[in-house]
Amino acid sequence: MSGLEDEIKEIEDELQRTVYNKATSKHIGRLKAKLAKIKEEAVQRAMKSSGTGEGYSVKKSGDGTVVLVGFPSVGKSTLLNQLTGQESEVAAYAFTTLTVVPGILEHRGAKIQVLDIPGLIAGAAMGKGRGKEVIGVVRSADLILILGDVYNGRHIDVLMRELYDAGIRINKPKPDITIKKSGNGGIRLNYVGDEALDIEEVRSILAENKVMNADVLIRGNVNQDDFIDAMIGNRIYVPAFIAINKVDLVDEKTRKEIETDLVERFGEEPHMISAHSGYNVEELKDAIYEHLGFMRLYMKPLGGAADMDEPMIVRSGSTVEDVCRRLHRDFVDKFRYAKVWGKSVKHDAQRVGLQHTLADSDIITIVTRF
C-alpha cells in the first residue's frame, strides 16, 4: 500500500501548492478527480482484501439508528450504557469493544437504536484495524455521533478525514447532479440556477473517469468536490454532531478552550459531557432526537379518542402516504381520505389527501375503503 499512499500524498501536495483561479481550475479539477478515484480504488481493494473473517452484521431496529464513532478509549461503551442501560464492556484500555454492541434509547416516545462500534483509527478507510467492518456499519446509520475526549481534541480531525475518505459526507445535502452517459456528442452541460462550474472543468473531471460523452444536468450551486462525488456515485449523506467526553476531568477554563477551538474549526458547538458521571447526558439524548429529525403523530380511530400515550414517530416532512405505509401496506391502495387536527391544517378535522405534509404533534385519522 506504500506506493499507493505515496501517489496520494504526491497529488495532495500538488493540490496544496496550486492556487485556485480561472486558469488553474481545469487542472485542479483533474487532480481532485484523480485523487478521488485512487482513494476509492484503495478503499474498495481494502474492503475486498481485509481478511476472510466475519464482518459486522447488525439488524436495524427502532425508529432510527445512531452510531458512536470515536478513537479507542474515548468512552463509547460507557456512553452506550448511560444512554440505553446496555451492558457494553468497559475498561481503561484501548479496544475493549471488539464487535458491534447495540442498545435501545427510549426518549420522547422514540425508540432509537444506538451502536457502540470498535474505535476508529487513522487509516480505517483504507482497511487498517477493523476499518472495513466499522466503516460498513457507519455507512448504514441514520445519524453519526462523533465522540472525542478532553485530552485528544485533534482526534476529531482524523475522524472527519476517515469518514470523508470512506465516502461519508456529513451534514450536507446530496447535490442535485445527473450524469447520463451517451455514445457520442461529447459533454453537454445544462444548468438550473447559477453556473458554478464551467464546461472545461466538467470535461476534465469526467475525463479522469474515462467519460467522454454524457448529458450533465446540475441544479443549484455546486463545486468541483460535489461533482466528483456525483461522478463516483456511491457517497452517503448523513447528519452528524460532535460530543466531547470526560469533561469532569478538567477545569472550566480548559473546557471553554476546547469548546471554542472546536467551534472555530467546525462551526458548531460540541456537546460537553461526562459519560461516567452522567453530566449533560439528558441533553445529549435531546440532541440525538433532534438531529434525527423526528416528530410525533397521534393516531385517532374513526369515531374514537386519539391515543395520546403512544405517538407514532416519523421523520420531519412525512406525508399522510408515509403514515399509511407505516400502518399497513394496503392502506395506500384503499385510502379514501384522512382527517387531521394540528399545525399542518387550517382548521381541525380538515380532510386531506395522501400528499399532505404533516407537522409535529398532529392528530390524524385514516379512512379507507373496506
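## Helix H7 and its ends

Helices in this report are DSSP runs of H or I with at least four residues, numbered from the N terminus. The model you are looking at is predicted. A good place to start is helix H7, which covers residues 224–232. Its buried residues are Gln224, Asp226, Phe227, Ile228, Asp229 and Met231.

Both ends of H7 are worth a look. At the N-terminal end, asparagine 223 acts as a cap, with a side-chain oxygen 3.1 Å from the backbone nitrogen of aspartate 225. After the helix comes glycine 233, which has a positive phi, near 85°.

## Salt bridges

Side chains of opposite charge can pair when their charged atoms come close. The structure holds 27 salt bridges. One of them brings us back to H7: aspartate 229 pairs with arginine 169, and their closest N and O atoms are 2.8 Å apart. This pair joins distant parts of the chain, since aspartate 229 sits in helix H7 and arginine 169 in strand E5, 60 residues apart. Aspartate 229 counts as buried because its relative accessible area is 3%, and arginine 169 is buried too, at 2%. Both belong to a network of salt bridges that also includes Glu40 and Arg235.

Another bridge links arginine 219 and aspartate 176, at 3.6 Å from N to O. Here again distant parts of the chain are linked: arginine 219 is in strand E8 and aspartate 176 in strand E6, 43 residues apart. Arginine 219 is partly exposed at 38% relative accessible area, as is aspartate 176 at 36%. A further bridge joins arginine 154 and aspartate 157 at 3.9 Å; arginine 154 is exposed, at 53%, while aspartate 157 is partly exposed, at 24%.

## A buried charged pair without a bridge

Lysine 76 lies in helix H3 (residues 76–84), and aspartate 116 lies in strand E3 (residues 110–116). Lysine 76 is buried yet has no salt bridge, and its nearest side chain of opposite charge is aspartate 116, 4.8 Å away. Why does this pair not count as a salt bridge? The nitrogen and oxygen would have to be within 4 Å, and the side chains are 4.8 Å apart.

Each partner has a polar contact elsewhere. The side chain of aspartate 116 meets that of serine 77 at 2.7 Å, and the side chain of lysine 76 reaches the backbone oxygen of phenylalanine 71 at 3.4 Å.

## The core and helix H9

The largest nonpolar core has 57 residues, and among them Leu145 and Ile288 touch the most other members. Apart from its close sequence neighbours, within four places, isoleucine 288 is in contact with residues including Val66, Leu105, Leu145 and Phe241. Isoleucine 288 is one of the buried residues of helix H9 (residues 281–291), as is Tyr289. H9 is followed by glycine 293, whose phi is positive, near 70°.

A search of the whole structure finds one aromatic pair. Tyrosine 289 and phenylalanine 294 make up this edge-to-face pair, with 5.4 Å between centres and 70° between planes. Tyrosine 289 is buried at 3% relative accessibility, and phenylalanine 294 is buried at 8%.

## A loop residue with partners

Asparagine 171 is found in the loop between strands E5 and E6. At 45% relative accessible area, asparagine 171 is partly exposed. A polar atom of its side chain lies 2.7 Å from the backbone nitrogen of alanine 240. Beyond its neighbours within four places in sequence, asparagine 171 is in contact with Val238, Pro239, Ala240 and Glu268.

Methods: Residues numbered from 1 in each chain as written. Predicted model: local features only at pLDDT ≥ 70, side-chain atom pairs only at ≥ 80, totals over all residues. Heavy atoms only, no water. Helix = DSSP H or I, 4+ residues; strand = E, 2+ residues; numbered from the N terminus. Buried < 20%, exposed > 50% of the residue type's maximum accessible area, 1.4 Å probe, protein only. Lys, Arg positive; Asp, Glu negative; His and termini not counted. Polar contact = N/O pair within 3.5 Å; in protein donor to acceptor, adjacent residues only side chain to side chain. Core = buried A, V, L, I, M, F, W, Y, C linked by side-chain atoms within 4.5 Å. Contact = heavy atoms within 4.5 Å. Phe/Tyr/Trp six-rings, centres within 6.5 Å; stacked < 30°, edge-to-face > 60°.
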